[in-house]
Amino acid sequence: MGKKSGFTSAEIEEIKRLYLQEGRSILQIPKILGKGSENSVRNALHKARVKHAPEERTKLERFKPDQVFGNVTLSPRIRSHTYSQEIDLIKKTW
């Protein structure tokens, strides 16, 4: 099965795992693998007889202001300067 699609059998297992367990989209999988296209991933899933991901797909966590990751705290972007003021600040740092 892995020969014609361009994916090895290990890669097809990884595609199935990413799609079914992690809830990754067909568009994200080729970027994660660094190989293939949206169509080739869709064809590999079809050949492996994977219909649709289960309903209990895990949602990827969205970033929220004030969310903490280790030493990093996310904050909303504050627009305190106008565009021309931002350009002036950039010019001054050069």
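In this predicted model, Leu-45 is in contact (heavy atoms within 4.5 Å) with Ile-15, Lys-16, Tyr-19, Ile-26 and Val-50, leaving aside its neighbours within four places in sequence. Leu-45 is also one of the 12 residues of the largest nonpolar core. The protein chain that holds this core has 5 helices and 2 strands.

Residues are numbered from 1 along each chain as its sequence is written. Because the model is predicted, local features need pLDDT of at least 70 and side-chain atom pairs count only at pLDDT 80 or more, while totals for chains, interfaces and linings use all residues, and side-chain values use heavy atoms, with hydrogens and water left out.

**Overall architecture**

- The order of elements along the sequence is α-α-α-α-β-β-α; helices (H or I, at least four residues) and strands (E, at least two) are DSSP runs numbered from the N terminus.
- The protein chain comprises 94 residues, of which 20% count as buried; buried means under 20% relative accessible area, exposed means over 50%, and partly exposed lies in between, with a 1.4 Å probe and protein chains only.
- Among contacts in the protein chain with a separation of 6 or more, 49% join residues 24 or more positions apart.
- The accessible surface amounts to about 8000 Å², and carbon and sulfur atoms account for 54% of this area; such areas come from the Shrake-Rupley method with a 1.4 Å probe, and for residues only the protein chains shown count as cover.

**Nonpolar core**

- The largest nonpolar core consists of Phe-7, Ile-12, Ile-15, Leu-18, Tyr-19, Ile-26, Ile-29, Val-41, Ala-44, Leu-45, Ala-48 and Val-50. A core of this kind is a set of buried Ala, Val, Leu, Ile, Met, Phe, Trp, Tyr and Cys residues joined through side-chain atoms within 4.5 Å.
- Helices α2 and α4 are the elements that give two or more residues to this core, and α2 gives the most, with 4 residues.
- In soluble globular proteins, nonpolar side chains tend to be buried together.
- Leu-18 lies in helix α2 and counts as buried because its relative accessibility is 3%.
- Beyond its neighbours within four places in sequence, Leu-18 is in contact with Gly-23, Arg-24, Ile-29, Ile-32 and Leu-33.
- The C-alpha atoms of Leu-18 and Ile-32 are 9.2 Å apart, and the two residues are 14 apart in sequence.

**Helix α4 and the residue that follows**

- Helix α4 spans residues 38–47, and its buried residues are Ser-40, Val-41, Ala-44 and Leu-45. These residues lie on the same side of α4 because they cover an arc of only 135° around the axis, the arc being that of the directions from the helix axis to the C-beta atoms.
- The buried residues of α4 pack against α2 (9–20) and α3 (28–33).
- Arg-49 lies in the loop between α4 and β1 and has a positive phi of about 60° although it is not a glycine.
- Most residues other than glycine have a negative phi, and most peptide bonds are trans.
- Arg-49 counts as exposed, at 75% relative accessibility.

**Salt bridges**

- The count comes to 6 salt bridges, each defined as a side-chain nitrogen of Lys or Arg within 4 Å of a carboxyl oxygen of Asp or Glu.
- Lys-16 pairs with Glu-13 in a salt bridge whose closest N and O atoms are 3.3 Å apart. Both residues lie in helix α2, 3 residues apart, about one turn of the helix.
- Lys-16 is partly exposed, with a relative accessible area of 22%, and Glu-13 is partly exposed at 47% relative accessibility.
- Arg-42 forms a salt bridge with Glu-38, with the closest N and O atoms 3.1 Å apart. Arg-42 and Glu-38 are separated by about one helical turn because they are 4 residues apart in helix α4.
- Glu-14, Arg-17, Glu-22 and Arg-24 are joined into one network by salt bridges that share partners.
- Within this network, the salt bridge between Arg-24 and Glu-22 has its closest N and O atoms 3.3 Å apart.

**Surface patch**

- Phe-63, Phe-69 and Val-72 form a nonpolar surface patch with about 340 Å² of accessible area together. Patches are made of residues with over 30% relative accessible area and no salt bridge, like charges being joined within 9 Å and nonpolar side chains (Val, Leu, Ile, Met, Phe, Trp, Tyr) within 5 Å.
- Phe-69 lies in strand β1 (residues 68–69) and counts as partly exposed, at 39% relative accessibility.
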